Amino acid sequence: MSFSDDIAVTRVGPGSFTADLPDRWSSLVGIHGGYTAAIVANAIAAAVDDPSRALRSFATQFTAVPRPGPVDIEVTVERTGKSMTTTSARVLQEGRVLQIAHASSSTPRPGLAYDDYVRPRDAGPGDTPRFASSGGVGHFQNAEVRLDPDRVLFDGAAEARVAAWLRPLQGEAIDAAWLVAMCDLLPPAVFSRTTSPVKAATIEYVVHLATGDPSVPPDEYVYLSCHSPLSNEGFAVEDAAMWAPDGRVLAVARQTRLAGA
């Protein structure tokens, strides 16, 4: 199955869609949140129904753990202006709300253009081995993941940071929904600071898309770096940035995670 097949939605009415969550997207607890966020982003794109209005900002709160099986997605177009459409969405499973989301989609606009993000790596992964997770975490199999060897999990490091080179399977094209899913794909950054797994489920996930054209040459890797500079009272803040091979920032993201024992 391709990623586009995995995030496919079926329209069943105005603003109403269904989708199916396969078991292979299982994470440590339930279905992977970045994946379900990508399904919502896909439903929002279908509801906006205007290819010139690319997804620019997407935010979601996770209220319950999804299980494999069918879900319902309800999308409301809150406002359509001259260049921007604002939407909200809910994901339900058997009547229970799993996610609440809102997004902005817009045409390109005139304005400032600068990029102060510094990419930690310039080269591709070389002979870095492909990451294969154990312990029933299946969602890593849905992309090619090569962890940056300078960022070791459960190493008790002084800094909470993980990074990896990623690319779609089967040479698929990169789009906004893929970026939404992949900015959440890696193990939690706090796992580099601990010596064993801790509770790290995502509470809120926000992605800002830096371009309406995230195209990357087939079979080339993007580089994703995730850093958690703050954890307090059982919650951690994690920031992520993703770069194209040519150095363009494709997306930046922020999460609030659990960070408990």
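Let me begin with the pairing of strands β9 and β12. Strand β9, residues 202–209, runs antiparallel to β12 and is joined to β12 over 7 bridges. Strands here are DSSP runs of E with at least two residues, numbered from the N terminus, and two strands count as paired if DSSP finds at least two bridges between them. Within this pair, E204 lies opposite T256 of β12.

A word on the source: this is a predicted model, in which local features need pLDDT of at least 70 and side-chain atom pairs count only at pLDDT 80 or more, while totals for chains, interfaces and linings use all residues. Residues are numbered from 1 along each chain as its sequence is written, and side-chain values use heavy atoms, with hydrogens and water left out.

Let us stay with β12. Is this strand largely enclosed or left open? Of the 10 residues in β12, residues 249–258, 7 are buried, so the strand is largely enclosed by the rest of the structure. Buried here means under 20% relative accessible area, with a 1.4 Å probe and protein chains only.

Strand β12 also pairs with β11, residues 235–243, in the antiparallel sense over 9 bridges. In that pairing, F235 faces L258 of β12. The two strands form a hairpin with 5 residues between them, and G247 in the turn has a positive phi of about 95°.

Moving on, β11 has antiparallel pairing with β10 over 8 bridges, where L224 stands opposite M242 of β11. This is again a hairpin, with 2 residues between the strands and a positive phi of about 55° at E233 in the turn. Strand β10, residues 222–232, in turn pairs with β8, residues 161–167, over 6 antiparallel bridges. There, A163 is opposite S225 of β10.

Elsewhere, β3, residues 54–62, and β6, residues 96–106, are antiparallel partners over 8 bridges. Q61 stands opposite I100 of β6.

How do these strands fit together? They belong to an open sheet of 12 strands, with antiparallel pairing and the order β1-β2-β4-β5-β6-β3-β9-β12-β11-β10-β8-β7. At the edges stand β1 (10–13) and β7 (144–147); each has a single partner strand, so one side of each is left without a neighbour in the sheet. On average, neighbouring strands of this sheet are turned by 20° against each other, direction ignored. For such angles, axes are lines fitted to C-alpha atoms, and the angles run from 0 to 180 degrees between N-to-C directions.

Terms used: Buried means under 20% relative accessible area, exposed over 50%, partly exposed in between (1.4 Å probe, protein chains only). Helices (H or I, at least four residues) and strands (E, at least two) are DSSP runs, numbered from the N terminus.
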